[in-house]
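This report covers a buried acidic residue, a pair of cysteines and the contact between two chains. The sequence and structure come first.

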Amino acid sequence: MTGPGGHADPAYLLDSSGPAAPPRDNGELVFAAPWESRAFGLALALNDVGAIEWEAFRQALIREIGDWEAAHPSGEGWSYYECWLRALERTASARGLVDPRALDERAALLAARPAGHDHAGHDREGHRHHGHEHDLHNGSPSHP
Amino acid sequence: MTTAAEHIDPAVRAEALASLLIERGLVDQATMNNFIKTYELSVGPMNGAKVVARAWTDPEYRERLLADGTAAIAELGFRGPQGEHIVVLENTPELHNVVVCTLCSCYPWPVLGLPPSWYKDPSYRSRIVREPRTVLAEFGLELGDDVAIRVVDSSSEVRYMVLPMRPAGTEGFSEEELAALVTRDAMVGVAEAVAP
């Protein structure tokens, strides 16, 4: 069996429906929204430089998931990466990497931006408003 | 942090956290992007499919894989976070393995990439333990009563991957042709390898 549709390399590698062609297997993207990928990349980058310990983060994640499930027996409104993000906030705070109050203030500040600067749902575009410009399609970004 | 900020959109909270950490010089955008791109584009079930295809065609590799998953998988160049202790479980006509992480979503990233949403879902994580046969049937996998089901729970110590049975009618297939029959779901244990 070859790639469905007979795509030539390297397009075949990105084919979304080939049986062995994931990460996007079964038509599902790895991340449902840009902020999820940001929360993911942040955790891996912090772990990579030794700023957090993965096991401590994992334990925080287990707690967040357990708390959420206890509070939402129906399972409605589930978001894995919201638990991930809260676990990361707590782990970073516990390690003294961020001050929880500064984090709240920054979030409130960003949330108060006028419409048009709202990052929800399209925050890759949003990077360009804030000087974090980078090419997400380039495997080796040179920024910053 | 049980503050009003928790009610702010997670997209904004993620941005706030990232901006503070970047300002402190603890992380940089390029490193984050590299991790994201790696797992969006390069690391995924195609890695595990190659491992399975090799095990199907090379009995000695299969033995090494079942004895020490992490080392045998590294032979093919697949290693990295969440792959430190991979245990490979072999399906047989009598025993079907299926993987879950009941507490969070531990998953063997180097061979399967990041987990799909259903794997992280509270419903899968609890139900596959309680009623595996029913859940597998919902995935479209009807197992006979003579097949035992073993549900294994991933943890910080061990990440599991299933070695599915080689489908009939694949004699003489190349490793590449075989790898194309191996899906992510087959390596989690909620499906069988695709029949050619």
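## A buried glutamate in chain A

A polar atom of the A:E36 side chain lies 2.9 Å from the backbone nitrogen of A:A32. The model is predicted, so local features need pLDDT of at least 70 and side-chain atom pairs count only at pLDDT 80 or more, while totals for chains, interfaces and linings use all residues. Side-chain values use heavy atoms, without hydrogens and water; residues are numbered from 1 along each chain as its sequence is written, and chains are lettered from A in the order in which they are written.

A:E36 sits in helix α1 of chain A, residues 34-48 (helices are DSSP runs of H or I, at least four residues, numbered from the N terminus). Leaving aside residues up to four places away in sequence, A:E36 touches A:F31 and A:Y81, where contact means heavy atoms within 4.5 Å.

Which side chain of opposite charge is nearest to A:E36? It is B:K120, 5.8 Å away, and A:E36 has no salt bridge although it is buried. Here Lys and Arg count as positive and Asp and Glu as negative; His and the chain ends are not counted. A salt bridge needs a side-chain nitrogen of Lys or Arg within 4 Å of a carboxyl oxygen of Asp or Glu. Buried means under 20% relative accessible area, with a 1.4 Å probe and protein chains only.

## Cysteines without a disulfide

Over all chains, the search of the whole structure finds 0 disulfides (a disulfide is a pair of cysteine sulfur atoms within 2.5 Å). B:C104 is in no disulfide, and its nearest cysteine sulfur, that of B:C106, is 3.6 Å away. Why is there no bond from B:C106 to B:C104? Their sulfurs are 3.6 Å apart, which is too far for a bond.

Both residues are also shielded: B:C104 is buried at 2% relative accessibility, and B:C106 is buried at 3% relative accessible area.

## The contact between chains A and B

Chain A gives 69 residues to the contact and chain B gives 66 residues. The size of an interface is often given as the accessible area lost when the parts come together. Between chain A and chain B about 6100 Å² is buried, with 66% of it from carbon and sulfur atoms; this area is summed over both parts.

There are 4 salt bridges between chain A and chain B. In a salt bridge, the side chains of B:R13 and A:E89 meet at 2.8 Å, N to O. On the side of chain A that touches chain B, α1, α2 (54-71), α3 (80-94) and α4 (100-111) of chain A each supply at least two residues. The largest share of that side, 11 residues, comes from α3(A).

Note on methods:
Buried means under 20% relative accessible area, exposed over 50%, partly exposed in between (1.4 Å probe, protein chains only). A polar contact is a pair of N or O atoms within 3.5 Å; within protein, one must be able to donate a hydrogen and the other to accept it, and residues adjacent in sequence count only if both atoms are side-chain atoms. Buried area is the accessible area (1.4 Å probe) that two parts lose on being put together, summed over both.
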